[in-house]
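Visitor: Please take one part of this model and go through it closely. Set it in the context of the whole chain as you go.

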Amino acid sequence: MFGNVLCRLVTETAGVHRYVSRAPVIQRLTAAALPAPLRSFSDVKDEVQPPFDASLLEFLVCPLSKKPLRYEAKTNELINEELGIAYPIVGGIPNMIPQEARLIQKDTSTTPTQG
């Protein structure tokens, strides 16, 4: 369908006669219309990430519990100790979407044992 619309557009606007082969024109137009390839996440790993501004911790809270967050420089994440979740920081910007958060292991050694 796209090819038909493109052929019609080319023939009507450019005044190309029907006996002219349209294939090369269509190939050039469709190749030019294709978007540039998107960068993958694997490309981002090799680049140096901008640092996280720790002064933002004054204002940022967990969107679920509304409690303050702790910055973990080793993993480049904002940690909510209470819920046991970690929000990633991508390009210096915290991703505070709860569905994007990672569950972390809570320290189980502090829980009382029954006996």
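Guide: One term is needed before we start: a contact is a pair of residues with heavy atoms within 4.5 Å. Now take the contacts in the protein with a separation of 6 or more: residues 24 or more positions apart account for 24% of them. Keep in mind that this is a predicted model.

First, the overall layout. The protein has 3 helices and 5 strands. From the N terminus on, the order is α-α-α-β-β-β-β-β. The part to look at closely is strand β3, residues 85-90.

Start with its pairings. β3 runs antiparallel to β2 (residues 77-80), and 4 bridges join the two. It also pairs with β5 (residues 102-103), in the antiparallel sense and over 2 bridges. A further antiparallel pairing, again over 2 bridges, links β3 to β4 (residues 93-94).

Individual residues make this concrete. Look at Ala-86 in β3. It stands opposite Ile-79. Its bridge partner in β5 is Arg-102. Further along, Ile-89 stands opposite Pro-94 in β4.

Next, the turns. β2 and β3 form a hairpin with 4 residues between the strands. There, Gly-84 takes a positive phi near 75°. β3 and β4 form another hairpin, with 2 residues between them. Its turn holds Gly-91, where phi is positive at about 65°.

Now the side chains. The largest nonpolar core has 8 residues: Phe-52, Cys-62, Leu-69, Leu-78, Ile-85, Tyr-87, Ile-89 and Met-96. β3 gives the largest share of this core, with 3 residues. Ile-89 thus appears twice in this account: as a core member and as the residue opposite Pro-94.

Follow one core member outward. Met-96 is in contact with Tyr-87, leaving aside neighbours within four places in sequence. On the same terms, Met-96 also touches Leu-69 and Leu-78. Those partners belong to the core as well. Val-61 and Pro-63 complete the set of contacts for Met-96.

Finally, step back to the whole chain. Of its 115 residues, 19% count as buried. The protein exposes about 9300 Å². Carbon and sulfur atoms supply 60% of that area.

Terms used: Residues are numbered from 1 along each chain as its sequence is written. This is a predicted model: local features need pLDDT of at least 70, side-chain atom pairs count only at pLDDT 80 or more; totals for chains, interfaces and linings use all residues. Side-chain values use heavy atoms; hydrogens and water are left out. A nonpolar core is a set of buried Ala, Val, Leu, Ile, Met, Phe, Trp, Tyr and Cys residues joined through side-chain atoms within 4.5 Å. Buried means under 20% relative accessible area, exposed over 50%, partly exposed in between (1.4 Å probe, protein chains only). Accessible areas come from the Shrake-Rupley method with a 1.4 Å probe; for residues, only the protein chains shown count as cover. Two strands pair if DSSP finds at least two bridges between them.
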